Structure formats: C-alpha cells, structure tokens
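Biologist: I'd like a close look at a single part of this model, followed by whatever else around it you can connect up. Take your time and keep it informal.

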Amino acid sequence: MTETRQHVASWTAAVALCGVIFAIDLLTPPGVAVWIGYLFMPLLLFRRLGAGPVTWLAGVSTLLMVVDLLATPPATHFPISLFNRILAMIVLWLSVAFLRMHSRMRASCTESEARYDSLFNSSNDAMLIIEPHSGNIVDANPAAVSFYGYPKEQLTAMRIFDINTNDEGATRENMEHACEGAPSRFVFQHRRADGSLRSVEVSSGTISFRGKDHLFSIISDITERKRVESELQRAHAELEQRVAERTGELADTIQVLKAEIAERKRAEDALRENEERYRSLFDNSIDGILLATSDGCVLEANPEACRILGMTEEEVCGRCRQDIVDVGDQRATALLEERTRTGKARGEVMFIRKDGSRVPCDLSSSLFADREGNRRACIIFRDVSERKRTEEYLVRTSDEIRDLYNNAPCGYHSLNDHGVFVLINDTELNWLGYGSHEVIGRMSFSDILADGSREVFEETFSRLKREGQIKGAEFELVRKDGSRLSVMVNAVAIRDGDGNYVMCRSTAFDITALKQTESALRKSNERYMLAAQGASDSIWDWDLETNTAFVSSRWKEMLGYGENEIDNVMEEWMSLIHPDDYQAALETLNDYLDGRIPEFCLEYRLRHQDGSYRWVLTRGACFRDGDGNPHRMAGSHTDITERKLAEQHLLAETAERVRTEQDLREKERLMLLQGRQAAMGEMIGNIAHQWRQPLNTLGLIVQRLQLFYNSGKFDAAFLQESTQEAMKLVYHMSRTIDDFRNFFKPDKEKNFFSVHATILQTVSLITESFKAHHIEIDADTEGDVRVLGFPNEYSQVVLNILLNARDAFAERDVDDARVVIRSFSREGVSVVTIRDNAGGIPAHIMEKMFEPYFTTKGPDKGTGIGLFMAKTIIEKNMNGRLSVRNTGVGAEFMIEV
C-alpha cells in the first residue's frame, strides 16, 4: 500500500508540474525559461517515475505546445515563440531518448552485477580475484573464505604466494601465461589456515575489476579426486594381479579340461547316452558311423558312411556285415575276433561300395549295451584312399631324393660337433671303400685323413663352427685299402635356435686327377724354364713411341756383332731380314699391333755378319693404353738354325707338347665337371629354399587338424579343405624335384625351345636363393621366341650369369640389389640381356672374363671356368654370341642366338 500511495503522489506531482509550466507558458511571453522548464522537467521526473512515464509526459507536453501555438494569435513575437517551442520540443525528446538509453544501460549493469554477485558469492567453488603484478588477493568469495579458513579481511590482505606452495618464480610464470588471454588450468598445492595442504585445480583468466585487468581464478579442491585416482591405480594394480592369478587358474583349468576331454574320449560309450550330442556327432561327423547289432546287421548309418559306401541310408540299413565289409580280408577277421574278446577293436579294413569297388578305411569298433540291454556295435570308419595315395607318393618322392643324394657325382657327408660322421652318401663311401655301418657314428673325419691334412682339418673345422661355412678346403684322404684320394670340400654349419653348432652339410669333390694334372703341368713348366735358360735366348724391348729398342748382348752375339757395333737397332733389324721373309715379317708385326692376331710369334731369317743367314724365332707381347693403342713391346729371339737343320730332334719335343696339351684338356674336362658339381651344390641349396616354406605350411596344416578336432570344429568340409591344401603343397614340392632333376639332364641333340619358358624356369630355380640375399629379379619377355639349340645348356648359361651377379652383390653389399632380364627378337635373332646394378666390371678384368681359369673370387670361391663354359656353349655349340659391357651402374650380358 505504501508503494502504491507513493506512486500516485508522484503521478499527481508530475501532472501538477506540467500544468504549472503550461500555465506559465500561456500567461508569459515566450522565452528561454519556458523551454528550459520543458527540458528539466523530464530530468526531475526521471528519478521518481522512470523512463515510461517520462516518455508519456513528454508526449503530452508536446501536444500542449502544439495546441498553444495554434490557439495563440500571430503577433510580432510569433516567430520567436515558434522557434522557442520547436527548439524546446527537440531538446525535450533528445533528453527523453538519452534518459531511456541510460535507463536500459543501468538496468543491464544492474542485472550483470546481480548475476556476477550471485555467481561469485553463491558458487560452491572458491574464487579469487588477484592483482597479477603484485600477486595480492583483492577479493574472495565465501566459498574461498570457507575453503582456506581465513577471515575475508585477512585473506584479501594476503598474496597468492602465501598460500601457493610452489616457487614464487614458477607461480609468476603461470600467472603471466594466464594473463596472455587464453584460459589456463594449473594444478597446485595450496596451504590452508590450519596448515594443511590441499591439491587444487586452478582455472585462471583475465577480468576487468575496478577499471584494471585482474586474474580471476576458480579453485577446485581435487584432493579427494587425487586420492580416488591413487586408489584407482592401486585397485588397477590389484586387478592386474588378480587377472594374472585368474589367468594362472584358467591355465590350470584348461589342463583339467584337457584331462577331462581325454577322459571323455575314454568314456565315449557313456557320453553317447546324451541324445542331442550323440545326434550332432552322428550326423555331422567327418567319419562314417554305423550302428549295428552284435552279429553285424546295420541299424543306422550317418551321411558320411552313406557317402563312402555310395548308398542311401535306406540301402545301408538292414545290410549284413559281409555286404559292406570284405570278410575275405584277414584283417577284418582279426579285428572281429579282437572286438569279441576285448569289446573294442581298431585297425584297417576294406569296405565294399555299392558299385563293388573296394575302399580302404581306418576302423574303430566297440560294443555297448543300449537302454534295453541289447548288445550293439558302433563302427566308426574313415576313407583313407587319399592318404594312401599321398603316402605312396611321399615314399616314392623320398626314394627319389635318397637316390639323388646317394648317386650324386660328388660326395655328401655331415659331421657332428666332434667331427664324427652322422650322414654320408654312397658316392663318398665308394670312394673310401667303407660301408655305412663302419662310418656313421663310429669314425670321425680325422680318421680318414692323411697325416699332412689333420692340422689343416682342425683349423678348418674350427673356422666352420665359428664362421658358419668354408669353401674350397682341400684334404688328402686315406682309403680303406691304404690308397690316397684328394678332395675339395665345401661345408655349411647347421645351428640350433640358440646359434650353437649342431652338424654340418658338406660337399666333397674328387680332385685326384686334377692334382695329377697340375703336377704334370708344373713339371712341364719347369722343363720349359730350364730349356729357355739353356737355350740362352736373346731379349729385346721396343719403345713404339720413340721407336727405340734395347737388345741383350746375346742378340748381337747371335748375329756375330760386337757390343758397340749396332747403334740404331730398329733400322739394323729391318735391314738384316732376308728379302723373302721381309714382307711376311712386316705384315705379321702390323697385324699383331693392330689387334688382328692375338699373339706375335714369327720364324724368319736374319743376316749374320759373315753374310750367312740364321733362322730366328721371335716371340713378343705388347702393352696397350686405356684406348687399346700399343705403346711398348718386348720379346725374345731364339736362334733356331740348329732346330731347322735337325727337325727330327724337335719331333720328340712336339710329341711331348702334344701330351702336355692332352693333360691340359683332361684338366679342362675335370674343371668343367667340377663346375657342374658346384652348380649341383647350388641347386641343392635352392631346393632347400624352395621346400622350406611349403614344409612349414604343411606342418601348420597338420597342427591345425588337431586343434580343430580338440575344439569340436572338425567337420568334413574342413578336412577336405585341409587335405586339398596339403596335396597342393605336396604336388608343388614334387614339381620342384622334377624341375631340378630335368635341369641336370644333358641334351643329346638340338631342339627348338622357347627362350621365354627357359628363362622363367631358370629364374624359378634360384628365386628363393635371391630372396634370401635380398635381390630382386625382374624378367620381361616380348613374345615367345623359339631357337634351335640345347635348352638345358642355355639354361646353365643364364644360371651362371645370375649366380655371378648374386656373388657381385654379396661382395659389394649393394642396397636395392636388382637384376633385370629382357628377351626380344631383333632381325630374326633371339636377344637376351641380363643387367645388374652391382657397380660394373673393371676394364682390366673385362678383357679376361671369358678366359679359362680366370676368376676374381679366389680359389675357395670359384673355378674360373663358368663364363668360359658359357661362352663355349653359346658360340661353339649354338653358333651364337655372348658379350658383356658396363652400363654405368652395373654390367650387362647379351646372349644372341
């Protein structure tokens, strides 16, 4: 009621004031005082009535002024009065507009301050307003006062550093970070009035307070949360420990379950009483199951049994034992007697299909009593036809591998850690004259070594166990009959999972004939050196750049001249040649220097000082620069006059040379055989690479069968799928054996063959070996080019080049090793290029690459006949061309046939 009376009084006063001002306006002449009254009237009423009533009164006043102007007759002061009233109305409404805007702003500020006060004072979180430079706490809400335990006056007299346990410098850095404008969160330890420490999470941001920027911080007590987190961590650790314990218990439970499963298998008759499980097993079993009377009359048959017998269930049921089992098979009679005696039997019998064919099956039969007490027989059988065929195939394949091992042209043996034989093939046993029962497990390799080879073997065997392989080790063996045998051995160590030596795989080559050939060649060389010294040949050295020459005193002596009688040797030599031999001598010399003939050897006549002519044999060789230009030549002159006069004496020497050449040819034949045996050793290593992955996969398939059987997921579809996967692997391994066996078959006559297919077959033999060395092979062929030749020999050429590339990569440790094979036809000629990125071939080696016995690998890694044999096969046997060049990043071999 009081507010209502005040409101009515305010309105009455306002109306009275308006009336007074209007009366003054009507009774007085117009002037400044009147519109000033109109101006201050709203200001006076605003504080009492508010913006709404003031606006209404301003409208009424404006209406009264307009009426006054219309009612007042014009006079001399009318323009002034009109101006004053218009100005008064403008000022009046401007004042009203300002007052209304001010009213809204004040209301907004009042509402904002109310919300802030409500948030700040009623919040459950502690809030502080902090002066950022000094750290003084300028305001704190009741929650902060309650949380810290200080009176508000004392709390606002403190600095934030007094309650924050962090270093003051670190706290200031955090405050500066918060002052940058982005909201920030920090975790601190704050000290309360009672001295206790609480973990708090502080969210800080800037706020304008009393005209300055301050930090507004909301402090949340997270001590309990920290405690809960710690409890959670401890609970998590306890949970992990319990999980580990439960895991151990589960493992024990699994073992118990396994034992129970085994017990369930032993108690299969009792479990069959469960009809649901029995029916599921009966209908879905991958094995055929028959239920029959004790005398063999079939009562029930599952789908698999019907499939194996080739009958429907109606056709099977009611049949007797002799209708479905070959009772003439003695094994069936024995199993029937065993079941009668013991109540169960297991074995293999022949079942009879509907079409009369026989099917071998594994059978398990047992007797049990049904619910009525009648004796019944349960017959479980599985078709093992496929397994039989696989076993026969594996036996045949195993025999082939054993035959390949025992009848290889080289010896194979394996030694344990003490050097005792654990394996040895028939070839090596035949060399030594021992039987396998005399060697394996009884003799060590040292027992068959000659005295001079034992120390070499001890050092080599230690190196084998240490480094993992040896190559080209030569030993002298003693046969059982006491005769000696020279062998060269390559060996690779086999280690267990911890890297310990277990045994070795060794390949031995009989080099007795090779040693004999080397001895004969050495003796021949010694005879030649003695002959050359005894012949007292003269020596000459010709500098082609200066055209000057040096000759030994024996040269001048041979022609009857003194030491100082010949000054310009080249001019004198040309003038001393017999006129009939001059042209031939000059042409031979020029042909050799131009590279048209490989060697310089010439017989001609030189004039003696006494006018007679002496027969001279000249031999020489030149040195060439990087461009192949000769710059120096040296050689010897041999007086062969006596030889020409006594030709019959030289025939014996010629025969000796022929025999020496025959020995060299025999040596070459042995080296070729050795190269082929080395290739066979490489192939056996490749067989191991090719078989390793299929064998691992086959082992996984076998393990998976047992796992699925134990888990109850074993069904006919899974068995068929696993059998098909296993057979694919077996057939793949068989094809690998056939591929390697065909590789070593010699070609007896030329045939047309596909270059593309031959290359792909060769690459397949070494793919796994190259993968082991991280070498990529890229084979790309255009069309199907066919050539006439020997496909196996052609394959050996490609294989030899690829193996050389592999050795080059291994020697130089090339990253991103790659071999690119391209095959195409050019003008009717088959062209195959084999390019690698192993760095290329040095120029001084390039011109000797195809020479026999030339190798850069050392005597323990190569024979030096691989590329010589490849060039012989392509150019002599197949009328083609084999060349090599450097490409900048590696070497490129080109085969043209």
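How many of the residues of strand 27 (residues 891-896) are buried?

Modeller: Bear in mind that this is a predicted model. In strand 27, 6 of its 6 residues are buried, so the strand counts as mostly covered, given that buried means under 20% relative accessible area. The side chains split into two groups: A891, F893 and I895 point one way, while E892, M894 and E896 point the other way. Both groups are buried, the two glutamates E892 and E896 included.

Now for the neighbours of strand 27. Strand 25 (residues 829-836) pairs with strand 27 in the antiparallel sense, over 5 bridges. To find your way in that pairing, start from I834, whose bridge partner in strand 27 is F893. Strand 26 (residues 881-886) is also an antiparallel partner of strand 27, with 6 bridges. Here R881 stands opposite E896. Strand 26 and strand 27 make a hairpin with 4 residues between them, and G888 in the turn has a positive phi of about 110°.

Just before strand 26 in the numbering you'll meet helix 30 (residues 866-877), which packs against helix 28 (residues 791-812). The angle between them is about 145°, and the axes are 9 Å apart. The crossing is left-handed. On the helix 28 side the contact is made by E793, Y794, V797, N800, I801 and N804. Helix 30 answers with G866, L867, A870, I873, I874 and N877. Sorted by class, that contact has 7 nonpolar, 4 polar and 1 charged residues.

A second hairpin is worth setting beside the one above. Strand 19 (residues 613-624) and strand 20 run antiparallel and are joined by 9 bridges. One of the pairs puts R624 across from P630 in strand 20. This hairpin has 5 residues between its strands, and G628 in the turn has a positive phi of about 85°. Strand 20 (residues 630-639) also pairs with strand 16 (residues 538-543), again antiparallel, over 6 bridges. In that pairing I539 stands opposite S636.

Further towards the N terminus there is an open sheet of 5 strands, in the order 2-1-5-4-3, with antiparallel pairing. Its edges are strand 2 (137-140) and strand 3 (184-191), each of which pairs on one side only. From one strand to the next the twist averages 35°. Within this sheet, strand 4 (residues 197-209) and strand 5 (residues 212-221) pair over 10 bridges in the antiparallel sense. T206 sits opposite L215 of strand 5 there.

Helix 8 lies across strand 1 (126-130), strand 3, strand 4 and strand 5, and runs at about 145° to strand 3. E176 belongs to helix 8 (residues 168-179). With a relative accessible area of 54%, E176 is exposed, because the cut-off for that label is over 50%. E176 and L215 are 39 residues apart in sequence, yet their C-alpha atoms are 9.8 Å apart in space.

Last, the cysteines. C179 is partly exposed, with a relative accessible area of 33%. C361 is buried, at 0%. A disulfide is a covalent bond between the sulfur atoms of two cysteines. A search of the whole structure turns up 0 disulfides.

Definitions and conventions
Residues are numbered from 1 along each chain as its sequence is written. This is a predicted model: local features need pLDDT of at least 70, side-chain atom pairs count only at pLDDT 80 or more; totals for chains, interfaces and linings use all residues. Side-chain values use heavy atoms; hydrogens and water are left out. Axes are lines fitted to C-alpha atoms, for helices over the stretch in contact, and angles run from 0 to 180 degrees between N-to-C directions. A crossing is left-handed if the near helix is turned anticlockwise from the far one by less than a right angle, and right-handed if clockwise. Contact means heavy atoms within 4.5 Å. Ala, Val, Leu, Ile, Met, Phe, Trp, Tyr, Cys and Pro count as nonpolar, Asp, Glu, Lys and Arg as charged, and the others, Gly among them, as polar. A disulfide is a pair of cysteine sulfur atoms within 2.5 Å. Buried means under 20% relative accessible area, exposed over 50%, partly exposed in between (1.4 Å probe, protein chains only). Two strands pair if DSSP finds at least two bridges between them.
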